[in-house]
Amino acid sequence: MSASVFEEMKSYIGFSDDDAANIATLKPCVQPHISQIVDTFYVVIMRHADARQILERGENRLVRLHQTLREWLESLFVGVYDDGYHKQRSLIGRVHVRVGLPQHYMITAMEVIWQNLECCIRKADPADVHEKLRSLHKLLALELGIMLDTYKETYSASVRQNERSAVEEQLTRAQHLAQIGQLAASLAHEIKNPLAGISGAIQIIREDMTPDHHHHAIIGEILAQIKRLDNAVKDLLIYARPVPPDLAPRRVNDIVKRIMAFIHDDNGARNASIRFDASPSDPLIIADDANIEQLVLNLLLNATQASPDEGVVVVSTEARNDVVLLIVQDAGRGMSSEARLRAFEPFYTTKARGTGLGLPICKRIVDAHAGTIVIDSSSDNGTCVTVQLPSATELQSPAVEPIKDR
């Protein structure tokens, strides 16, 4: 609050030199009782659990606050209320922000102070007590105005600083992730071709072995591990170097059926089964075929891996107005709140094996298609992922030629 605003407030409530003089005469009435007023004030305040929790934080905080209030009360009756007084009083609001005291406590606390001062002054019964109490009440209104204004300014500055720090932290983290992603992509590119050569050589060796050869099982395990590495390399390349989507009308039901067949043939679903509740309207989406295949594959693999043996994963499609919903529900134990919040964060994973890129790739694909992806998870109902994608409803008519897969 500027000095001009302070003077404006004094003018607004009619605080005059006579009021200042009236208040100065009250000092002898109040001075002997200040310690008692402070003690009574904190007895009242400490009856409330929320206020007590704030005021008892930190070593000796309450002792320091007792002393601060005592000094504040003593300076209340100086009789001079100029710019210097205003600047000194502005510190009070900043202190309240620092200790974490909400504004409503300031307002109610001022009323408690007023009640104690009024009681003390009326008992002293000075001349013109009503006029002097009226002057004091005006000053307390000014005090409260100063406190609230400086509280607002200090709190706003604190929020801005916190937001600035959060943005800087996110930017730094994003830069680090970008650097890690570039390094990972370079490594993945260098690994991809040698890995394919190793796989080809191992397969040739296996072809010369009889099924009962004592190294046949070992060779099979080597190929399985090479395939796992190859999938990790592919994930890195897909995430680090995305290709712009080739958008065209696609039948989402057909894409889901193809991926279900692939997972079944590849034994990727373990012992969990997948049920497809296809939308009878056979909706079209505006999408890249390969991208949506990758999206469905990642979601179904996650769901089947999260489900227990003999569990059922339900994937469904639904046409709704101008969008198409793709919903994948597993029968697993659900995700922790931290895992749910960080699910789309690159390289974050709760799996013993995994790159932590499955869901981030899904998010990037959905974003590239102007859609949304939402995760809902609980220990009772497992995890449900809902993807919303733009539809091509205007193309769903008998005159439209069947869409062929690329």
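Which residue forms a salt bridge with Glu-131, and how far apart are the closest N and O atoms? The partner is Arg-134, with the closest N and O atoms 2.7 Å apart, and this pair opens the views below.

The structure is a predicted model, in which local features need pLDDT of at least 70 and side-chain atom pairs count only at pLDDT 80 or more, whereas totals for chains, interfaces and linings use all residues. Residues are numbered from 1 along each chain as its sequence is written, and side-chain values use heavy atoms, with hydrogens and water left out.

**View 1. Glu-131 and Arg-134 form a salt bridge in helix H9.** A salt bridge here is a side-chain nitrogen of Lys or Arg within 4 Å of a carboxyl oxygen of Asp or Glu, and by this rule the count comes to 14 salt bridges. Both residues belong to helix H9 (residues 129-207), where they are three residues apart, about one turn of the helix; helices (H or I, at least four residues) and strands (E, at least two) are DSSP runs, numbered from the N terminus. Glu-131 is partly exposed at 43% relative accessibility, and Arg-134 is partly exposed at 44%, where buried means under 20% relative accessible area, exposed over 50% and partly exposed in between (1.4 Å probe, protein chains only).

**View 2. Asp-83 and Lys-87 are joined by a salt bridge in helix H7.** The closest N and O atoms of this pair are 3.5 Å apart, and the two residues lie four residues apart in helix H7 (residues 83-99), about one turn of the helix. Asp-83 is partly exposed, with a relative accessible area of 30%, whereas Lys-87, at 52%, counts as exposed.

**View 3. Arg-342 and Glu-338 meet through their side chains in a salt bridge.** The N to O distance is 3.2 Å; Arg-342 is partly exposed at 26% relative accessible area, and Glu-338 is partly exposed at 43%. Elsewhere, Arg-258, Asp-289 and Glu-293 are joined into one network by salt bridges that share partners.

**View 4. Ser-307 is a buried residue in the loop between helix H12 and strand E4.** The loop runs between H12 (289-306) and E4 (312-320), and Ser-307 has a relative accessible area of 9%. The side chain of Ser-307 reaches the backbone nitrogen of Ala-331 at 3.2 Å. Leaving aside neighbours within four places in sequence, Ser-307 is in contact (heavy atoms within 4.5 Å) with Ala-272, Val-313, Asp-330, Ala-331 and Gly-332.

**View 5. Strand E4 pairs with strand E2 and with strand E5.** Two strands pair if DSSP finds at least two bridges between them. E2 (residues 273-277) and E4 run parallel and are joined by five bridges, while E4 and E5 (residues 323-329) run antiparallel and are joined by seven bridges. Ser-316 in E4 is the bridge partner of Asp-277, and Ser-316 also stands opposite Ile-327 in E5. E4 and E5 form a hairpin with two residues between them, and Asn-321 in the turn has a positive phi of about 55°.

**View 6. Cys-29 is a buried cysteine in a structure with zero disulfides.** A disulfide is a pair of cysteine sulfur atoms within 2.5 Å. The sulfur of Cys-29 is too far for a bond, because the closest cysteine sulfur, in Cys-120, is 7.2 Å away. Cys-29 is buried at 15% relative accessibility, and Cys-362 is also buried, with a relative accessible area of 0%.

Key: Polar contact = N/O pair within 3.5 Å; in protein donor to acceptor, adjacent residues only side chain to side chain.
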